[in-house]
Amino acid sequence: MSSIFQALRLAVRRLRKNRGSNVVAVLTMALGIGLTAATYTLIDVMLFQGLPFEDEKSLVRLSSSQLQDGIDELPVSGPDFAVWIEQQEAFEGLAGFHLGTMNLSDAAELPERYSGAWISTNFLDLLRLQPALGRGFRPEDAEPGADSVALIGHRIWAQRYGADPGVIGR
């Protein structure tokens, strides 16, 4: 038992003698453990938890291709998408989206650029989602000359508009 105490005293003396290298070692270990935990958390969310939609296994992503030109995937054009909707019989419905950035502007605030998506008017209905406040999109919202309609996320609503429910309809 006394040999254990002697070994501990020797270890403490050596730790006190090399404080700088010990701090670097501890910080390196902490950073490594933190990065490993973050990586496994992302892997768990992305691979094992699935999508946050009802019946997510029935979702399918369709795209165009030009295999003769070596292009495996192309965005679907609006006219092609309209033909697909008319001719499809296998799915409950088709909805389209296009990821991009857009400017959000109104009379009260300066314009700001955000990441977002342009979605077809039936997108939320097919995913069985409802906005927390306000309404989803209607087919007439896509008609030429219709008023602009936007659906903003909670973060933008809270940061830009101070979580004001009166922002709906402005």
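**Close-up views of a predicted model**

**View 1. Ile-168 and its distant partners.** Setting aside neighbours within four places in sequence, the residues in contact with Ile-168 are Leu-133 and Gly-134. This is a predicted model, so keep that in mind as you look around. Ile-168 sits in the segment after helix 5, which covers 154–161. Leu-133 is 35 residues away from Ile-168 along the chain, yet their C-alpha atoms are separated by 7.8 Å. What does its accessibility make of Ile-168: buried, partly exposed or exposed? Ile-168 counts as partly exposed because its relative accessibility is 46%.

**View 2. Arg-160 tucked into its surroundings.** Here we're in helix 5, the home of Arg-160. This arginine counts as buried, because its relative accessibility is 7% and the cut-off for buried is under 20%. Which residues does Arg-160 contact, once neighbours within four places in sequence are left aside? They are Leu-104, Ser-105, Asp-106, Glu-109, Leu-110, Pro-111, Glu-112 and Tyr-114. The Arg-160 side chain also has polar company: it reaches the backbone oxygen of Leu-104 at 3.4 Å. With the side chain of Tyr-161, it makes a polar contact of 3.1 Å.

**View 3. Glu-112, on the other side of a polar contact.** Swing over to strand 4, residues 112–119, and you'll find Glu-112. Its side chain and that of Arg-160 make a polar contact at 2.7 Å. Not counting residues up to four places away in sequence, Glu-112 touches Met-102, Asn-103, Leu-104 and Arg-160. Leu-104 turns up in the Arg-160 contacts too. Is Glu-112 buried, partly exposed or exposed? It is partly exposed, because its relative accessible area is 35%. For a sense of distance, take Ala-142: it is 30 residues from Glu-112 in sequence, and the two C-alpha atoms lie 23 Å apart in space.

**View 4. Two residues with positive phi.** Most residues other than glycine have a negative phi. Arg-128 has a positive one, near 55°, and it isn't a glycine. You'll find Arg-128 in the loop between helix 4 (123–126) and helix 5. It counts as partly exposed because its relative accessibility is 45%. Ala-163, also not a glycine, has a positive phi of about 60°. Its place is in the segment after helix 5. With 35% relative accessibility, Ala-163 counts as partly exposed.

**View 5. Stepping back to the whole chain.** How many helices and strands does the protein have? There are five helices and four strands, and from the N terminus on they run α-α-β-β-α-β-β-α-α. The radius of gyration is 27 Å, whereas a compact globule of 170 residues would have one near 15 Å. Along its principal axes, the C-alpha trace spans about 85 × 50 × 35 Å. Of the 170 residues, 11% count as buried. The protein exposes about 14100 Å², with carbon and sulfur atoms supplying 59% of that. Among contacts with a separation of 6 or more, 31% come from residues 24 or more positions apart. As for charge, there are 15 positive and 20 negative charges, and their mean positions are 29 Å apart.

Methods:
Residues are numbered from 1 along each chain as its sequence is written. This is a predicted model: local features need pLDDT of at least 70, side-chain atom pairs count only at pLDDT 80 or more; totals for chains, interfaces and linings use all residues. Side-chain values use heavy atoms; hydrogens and water are left out. The radius of gyration is taken over C-alpha atoms; the globule rule is 2.2 Å times the number of residues to the power 0.38. Buried means under 20% relative accessible area, exposed over 50%, partly exposed in between (1.4 Å probe, protein chains only). Contact means heavy atoms within 4.5 Å. Accessible areas come from the Shrake-Rupley method with a 1.4 Å probe; for residues, only the protein chains shown count as cover. Lys and Arg count as positive and Asp and Glu as negative; His and the chain ends are not counted. The place of a charge is taken as NZ of Lys, CZ of Arg, CG of Asp or CD of Glu. A polar contact is a pair of N or O atoms within 3.5 Å; within protein, one must be able to donate a hydrogen and the other to accept it, and residues adjacent in sequence count only if both atoms are side-chain atoms.
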